[in-house]
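Student: Please take one part of this model and go through it closely, residue by residue where that helps. After that, I would like to see how the part sits within the rest of the chain.

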Amino acid sequence: MVGRRALESYLEYGYIPLEDSVSEAYHKREQTSRTLEYAYDDFVLARVAAALGHADGSFDPGDGPFSFAPYITEGAPCHYTWYVPHDPYGLMEHIGGRDVYVQKLDSMFTCRRYWHGNEPCHQVAWMHNYSGEPWKTQQRVRHIMDSEYLDSPGGLSGNDDAGQMSAWYVFAAIGFYPVCPGSDQYMIGSPSMDEVSIDLQNGRRFTIIARNASPEDIYVQSARLNGRPYYRNYILHSDIVAGGVMEFEMGPSPSSWGSAPGSLPPSVQRPLE
């Protein structure tokens, strides 16, 4: 809830001031000044260190990218590497291109680094769609559904903070997930129910049908939206609220569906149309 002083500031100046203090800082508030001035301080220190031969421009992650760190909330650098849902292609470019992105993303699962118990990891399994390997998203999502949600005491792998742990499962079971809320895209995964309908506020209904869906048949072979072939590995919010029927043919082996360059999600770093 916005406080009275913040609301008055918004009405007078057009913005709401930041309220959270930073316990580690000498000045507890003053966030804008501190951020800009610290950035300048870091620049000067980097120049001095470079002149003295003490810096090569690399970032020291402390105990390494796979260990918990005090500068990260309940996680390690490898977990938060993927917390750029608004710019996965920028991340891909920054870390060395698609091949490096694929290798690092695969290692989150093959090396058992993925942690479903903490919500900042929840978009990671869906990020294979951006590299043109949606079948990996389908595989990872189904595995998480089977292994992290158990019908027993303590069956959830983490606290259901604000219902996010449960919401993830509901989206996954339906077959798509909002990797970047605030954009109009939902990544398609592996629908696990024969049929599910969403009754929309505008009075329309959006129905998802997954033919042959089973614990073994987890891979999308083909898709149709309102009777027409559908090749994108994502769906737009406007497609959902328009109502209609989306049909998936499921199978036991990965397919090339959704892997072509034109099937990948566009960058959300573009203005909304």
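Tutor: A good place to begin is Arg224, which stands opposite Pro229 in strand 6; strands here are DSSP runs of E with at least two residues, helices are runs of H or I with at least four, and both are numbered from the N terminus. Arg224 also stands opposite Glu247 in strand 8. The model is a predicted one, in which local features need pLDDT of at least 70 and side-chain atom pairs count only at pLDDT 80 or more, while totals for chains, interfaces and linings use all residues. Residues are numbered from 1 along each chain as its sequence is written, and side-chain values use heavy atoms, with hydrogens and water left out.

The sheet around Arg224 can be followed pair by pair. Two strands are taken as paired if DSSP finds at least two bridges between them, and on that basis 5 strands form an open sheet of mixed pairing, in the order 3-4-8-5-6. Strand 3 (195–199) and strand 6 (228–229) stand at the edges with a single partner strand each, so one side of each is left without a neighbour in the sheet. Strand 6 runs antiparallel to strand 5 (residues 219–225), the two being joined by 2 bridges. Strand 5 in turn pairs with strand 8 over 6 bridges, again in the antiparallel sense. Between strand 8 (residues 244–251) and strand 4 there are also 6 bridges, but here the sense is parallel; Arg211, for example, has Glu249 of strand 8 as its bridge partner.

Phe206 gives a view of the sheet from strand 4 (residues 205–211). With 0% relative accessibility, Phe206 counts as buried, a term that means under 20% relative accessible area, whereas exposed means over 50% and partly exposed lies in between (1.4 Å probe, protein chains only). Beyond its neighbours within four places in sequence, Phe206 is in contact (heavy atoms within 4.5 Å) with residues including Val196, Ile198, Leu225, Ile240 and Met246. Phe206 and Val245 lie 39 residues apart in sequence, yet their C-alpha atoms are 5.9 Å apart in space. Strand 4 is followed by a loop, leading to strand 5, that contains Asn212. Asn212 is not a glycine, but its phi is positive at about 70°. As background, most residues other than glycine have a negative phi.

The sheet can now be set beside the nonpolar cores, each of which is a set of buried Ala, Val, Leu, Ile, Met, Phe, Trp, Tyr and Cys residues joined through side-chain atoms within 4.5 Å. The largest core has 29 residues, and Trp82, Tyr101, Val124, Trp126 and Trp168 have the most contacts inside it. At least two residues of this core come from each of helix 4 (88–94), helix 5, helix 6, helix 7 (164–174) and strand 7 (234–236). A second, separate core of 20 residues includes Leu225 and Ile240, together with Ala210 and Met250. Leu225 and Ile240 are also among the contacts of Phe206.

Away from the sheet, helix 5 and helix 6 are linked through charged side chains. A salt bridge, which requires a side-chain nitrogen of Lys or Arg within 4 Å of a carboxyl oxygen of Asp or Glu, joins Asp106 to Lys136 at 2.8 Å, N to O. This pair connects distant parts of the chain, with Asp106 in helix 5 and Lys136 in helix 6, 30 residues apart. Asp106 also forms a salt bridge with Arg140, where the closest N and O atoms are 3.0 Å apart, and this second pair again links helix 5 to helix 6, across 34 residues. Asp106 is buried, with a relative accessible area of 17%, and Arg140 is likewise buried, at 11%. Salt bridges with shared partners join these residues and Glu133 into one network: Asp106, Glu133, Lys136 and Arg140. Glu133 belongs to the loop between helix 5 (98–110) and helix 6 (134–148), and it too is buried, with a relative accessible area of 14%.

For the protein as a whole, there are 8 helices and 8 strands, and buried residues make up 40% of its 273 residues. Of the contacts with a separation of 6 or more, 59% are between residues 24 or more positions apart.
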